[in-house]
Amino acid sequence: MPKEFLGIKYLTKNDVETLINKAIQYKQNKEAYKDKLKEKNIITIFFENSTRTRTSFEIAAKKMGAEVINVDYEKSSIKKGETDFDTIQNLSVMHPDAFVVRHFESGYPYFLSKFTNIPIINAGDGTNEHPSQAILDLITMKEAKGNIENLNVCIIGDIINSRVVGSHLEAAKMFNWNLSFYGPKTMLPKQEWIKNIKIEKNLEKALTDKDFIILLRIQLERNSGQNMPSLGEYAKFFGINDNNIPKDTYIMHPGPVNRNVELSSKTMDENDNILIATQVENGVFARMAIYDFCLN
Ligand code: NCD
């Protein structure tokens, strides 16, 4: 039975562990994923910009033997006025095996899933969830630390605009993390929305005694610029650099990084505890495991 992949909130802990273990198995052994999607057709539709996510969904599918068809939103009939659900219904009767969808509106993949019985894989929706990012982050954490239970994690940055946080909140509950947030007050959620999550008092406290720090991009396209005085000021009060980088903590960032804003360019290039490239590498295996979960 094909399954959807709409958000971490719809998965069980067992599902998430299965995805992580499968991805690690695929990373170690090419033979384990080869031809697993032979004769399958995957359609990707990205209504929002993407480099890593789209490419890694495509590479993952191709490495597993599938054909990938990318619908270019800018050149699609949606631009001629066709409704999104008509588009999905028309593509559905061509019988692809899955749709990978990114959209700027929260809940959009869930909405589309009501108009098709082809599995929808959420590649990030508005400020809601980015579940494949959470899976690849969990794989990266498991590789780095050996386990993902009871971790001390602080997420720093533009929390209210981040769909990555939406998925991490679910992972934090599943794996009993001690999770905290830090960032400009204008980018932090109201306390009552996030019961049990500590807001750190200052950057020094945010960087102390953590297993992982997850930095988030300042989302200029979502008007985060209005919520802070300047990028320079952000870097000064919330950025990581050679002077404050904690030595025994892993630093992660979903990318794309605003160099010299969330993280100093030099620090980013010269520290072994920065896992950003490993996250991207693991993204391919995470997406392979997601296809396997949905299609096999
Ligand atoms: C994230 C996204 O698009 O949600 N990036 C990604 O998928 N790697 C985070 C971001 O854009 O800041």
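This passage describes the pockets, one sheet and the cysteines of a predicted model.

The largest pocket was examined at the outset. Its volume is about 550 Å³. A total of 31 residues line this pocket. Arg-52, Thr-53, Arg-102, Gly-255 and Pro-256 lie nearest its centre. Four helices give two or more residues each to the lining: H2 (52-63), H5 (131-145), H6 (163-174) and H10 (276-295). Helix H10 supplies the largest share, with 6 residues. By class, the lining of the largest pocket holds 14 polar, 9 nonpolar and 8 charged residues. Two domains take part in this lining. Domain 1 covers 8-129 + 280-295, and domain 2 covers 131-276. Each of them contributes at least three residues to the lining of the largest pocket.

The second largest pocket has a volume of about 270 Å³. Its lining is made up of 14 residues. Those nearest the centre are Leu-169, Lys-173, Lys-195, Asn-196 and Ile-197. Helix H6 and strand S6 (178-182) each provide at least two lining residues. The largest share, 4 residues, comes from H6. Helix H6 is also among the elements that give two or more residues to the lining of the largest pocket. In the second largest pocket, the lining divides into 7 nonpolar, 4 charged and 3 polar residues.

Strand S6, which helps to line the second largest pocket, also belongs to a sheet. This sheet is open and has 5 strands. Their order is S7-S6-S5-S8-S9, and the pairing is parallel. Strand S7 (198-199) and strand S9 (250-252) stand at the edges. Each has a single partner strand, so one side of each is left without a neighbour in the sheet. For S7, the neighbour in the strand order is S6. These two strands run parallel and are joined by 2 bridges. Across this pairing, Phe-181 stands opposite Ile-199 in S7.

The cysteines were considered next. A search of the whole structure finds 0 disulfides. Cys-154 has a relative accessibility of 0%. The cut-off for a buried residue is under 20%, so Cys-154 counts as buried. Cys-294 also stands at 0% relative accessibility and therefore counts as buried.

Key: Residues are numbered from 1 along each chain as its sequence is written. This is a predicted model: local features need pLDDT of at least 70, side-chain atom pairs count only at pLDDT 80 or more; totals for chains, interfaces and linings use all residues. Side-chain values use heavy atoms; hydrogens and water are left out. On a 1 Å grid over the protein atoms alone, a cavity is a set of points where a 1.4 Å probe fits but cannot get out, and a pocket is an open set with protein on both sides within 12 Å along at least five of seven lines; lining residues have an atom within 4 Å of a point. Grid points are joined across faces, edges and corners, and a volume is the space filled by probe spheres set on the points. Ala, Val, Leu, Ile, Met, Phe, Trp, Tyr, Cys and Pro count as nonpolar, Asp, Glu, Lys and Arg as charged, and the others, Gly among them, as polar. Domain bounds come from an automatic or database domain assignment. A disulfide is a pair of cysteine sulfur atoms within 2.5 Å. Buried means under 20% relative accessible area, exposed over 50%, partly exposed in between (1.4 Å probe, protein chains only). Two strands pair if DSSP finds at least two bridges between them.
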